[in-house]
Amino acid sequence: MRVVFAGTPEFAAVALQKLIDEKEALNIDIVAVYTQPDRKSGRGQKITMSAVKNVALANGIAVEQPESFSLKHELGQACRETLQSYQADVMIVAAYGLILPKTVLEMPKYGCLNIHASLLPKWRGAAPIHRAILSGDTTTGITIMQMNQGLDTGDMLYKVACPIQDDDTTATLHDTLAVLGGEAIVTVLADLANFQANAIPQNDADATYADKVFTQDGLIDWRQPAHQIQRQIRALSAYTYVNQERIKVISALPVKPDQTTNEPAGTIISVGKKAILVSCGTDEQGVAHLLNITGMQWAGGKMLNAEQIANANKLNDGDVFEIKVDE
């Protein structure tokens, strides 16, 4: 079976490597890899290849990096013709980043399959891992979906679930789901005709949307309940302000039910060697809890744990994290 793979970040690269490792067992030939064009990244703004491109080149697989498949783009038609020339039986798509028009979706004999990092129809869209943590979900997973023109609305071929631990971050959950995604697509390709014959339509009434995350989503509002702030720290690049200085909040422990407070939200109750205790807003029961912060980073510095912060007198008991909104 001739396979074209389309993806860009590390999540997709893990799946591509799994397919490469299993290609003999699956009797597949990965004839081409599609990925986003090389981009500038990092402080030095160096041109950087995607994680998927690195895997493809290391394994001698042809790489294509079109800007767009749209006919409105000057090279759109040429890009479609190039894809057609690979005569793919199936196209595997994972966090690719380009819209695939209907014509492209229908090119491969068995269509295009998507590796999506949620249990559809929950968390369709761009940031399913972030949104699952932010919402306090206890379970997520991988869905292998037959792609159509909608936003993650295609029929479901295979689903595999995994728990979300109360200390999982976007990074740790990403790594778990990346491995599951690779295993799931291998399972589907091993018996593709059967999985497609038994595909299950999604119930749109149950759909939720994982909107893209932005930098400002990480700004902590200490008037929120401690549980919500702890999830925000796990899910996003969270940050706050003290004395008009912006500080990243890297990590925090799960909220302890017996650690309640009457102090104003944002007040630093204790700068200890194990954690920095901060008062938060009230929850649905009208109770305010403390948040145990274990890692923070000041501008231009490295990440500091609570003991390092205490020893350096970076914060003091009674200091207040500012309740502010970015301008």
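Q: Among contacts between residues at least 6 apart in sequence, how many join residues at least 24 apart?
A: In this predicted model, 65% of those contacts do.

Q: What's the overall makeup, in helices and strands?
A: The protein has 10 helices and 17 strands. Its C-alpha trace spans about 65 × 45 × 40 Å along the principal axes.

Q: And how much of the protein counts as buried?
A: Of its 327 residues, 48% do.

Q: Let's talk sheet. What's the strand order in the open sheet of 7 strands?
A: The order is β5-β2-β1-β6-β7-β9-β10, and the pairing is mixed.

Q: Which strands are at the edges?
A: β5 (63-64) and β10 (156-163). Each of them pairs on one side only.

Q: Does a helix sit on this sheet, and if so, which strands does α1 touch?
A: α1 packs on the sheet. It touches β1, β2 (29-34), β6, β7 and β9 (139-146). The direction of α1 makes about 160° with that of β1.

Q: Back to β6. Which strands is β6 joined to by bridges, β1 for one?
A: β1 (residues 2-7) is joined to β6 by 5 bridges, and the two run parallel. On the β7 side (residues 112-116), 3 bridges join the strands, again parallel.

Q: Which residue of β6 is the bridge partner of Phe5?
A: Ile92. As for Met91, its bridge partner in β7 is Cys112.

Q: Is β6 enclosed or open to the outside?
A: Largely enclosed by the rest of the structure, because 5 of its 5 residues (90-94) are buried.

Q: Which way do the β6 side chains point?
A: Val90, Ile92 and Ala94 point one way. Met91 and Val93 point the other way. All of them are buried.

Q: Why the alternation between faces?
A: In a regular strand, side chains alternate between the two faces of the sheet.

Q: OK, α1 again. Which of its residues are buried?
A: Phe11, Ala12, Ala13, Ala15, Leu16, Leu19 and Ile20.

Q: Any general rule for reading spacing like that along a helix, such as which residues point the same way?
A: An α-helix has 3.6 residues a turn, so residues three or four places apart point the same way.

Q: What span should the 12 residues of α1 have?
A: At 1.5 Å a residue, they should span 16 Å. The end C-alpha atoms are 16 Å apart, which agrees.

Q: At what angle does α1 pack with α3?
A: About 25°, for α1 (residues 10-21) and α3 (residues 51-58), with axes 7 Å apart. That makes α1 roughly parallel to α3.

Q: Which residues make that contact?
A: From α1, Glu10, Ala12, Ala13, Leu16, Gln17 and Ile20. From α3, Ala51, Val52, Val55 and Ala56. By class, that is 8 nonpolar, 1 polar and 1 charged residues.

Q: New topic: backbone oddities. Where's the peptide bond that is cis?
A: From Leu120 to Pro121, with omega near 10°. Pro121 sits in the loop between β7 and β8 (124-125).

Q: Which loop holds Trp123?
A: Also the one between β7 and β8. Trp123 has a positive phi of about 60°, although it is not a glycine.

Q: Is Trp123 buried or exposed?
A: Buried, at 10% relative accessibility.

Q: And what's the phi of Asp152?
A: It's positive, about 55°, and Asp152 is not a glycine either. Asp152 lies in the loop between β9 and β10. With a relative accessible area of 12%, Asp152 is buried.

Q: Why flag these at all, given what most residues and peptide bonds do?
A: Most residues other than glycine have a negative phi, and most peptide bonds are trans.

Technical notes
Residues are numbered from 1 along each chain as its sequence is written. This is a predicted model: local features need pLDDT of at least 70, side-chain atom pairs count only at pLDDT 80 or more; totals for chains, interfaces and linings use all residues. Side-chain values use heavy atoms; hydrogens and water are left out. Buried means under 20% relative accessible area, exposed over 50%, partly exposed in between (1.4 Å probe, protein chains only). Helices (H or I, at least four residues) and strands (E, at least two) are DSSP runs, numbered from the N terminus. Two strands pair if DSSP finds at least two bridges between them. Axes are lines fitted to C-alpha atoms, for helices over the stretch in contact, and angles run from 0 to 180 degrees between N-to-C directions. Angles under 35 degrees count as roughly parallel, over 145 as roughly antiparallel, 65 to 115 as roughly perpendicular and the rest as oblique. Contact means heavy atoms within 4.5 Å. Ala, Val, Leu, Ile, Met, Phe, Trp, Tyr, Cys and Pro count as nonpolar, Asp, Glu, Lys and Arg as charged, and the others, Gly among them, as polar. The expected span of a helix is 1.5 Å times one less than its number of residues.
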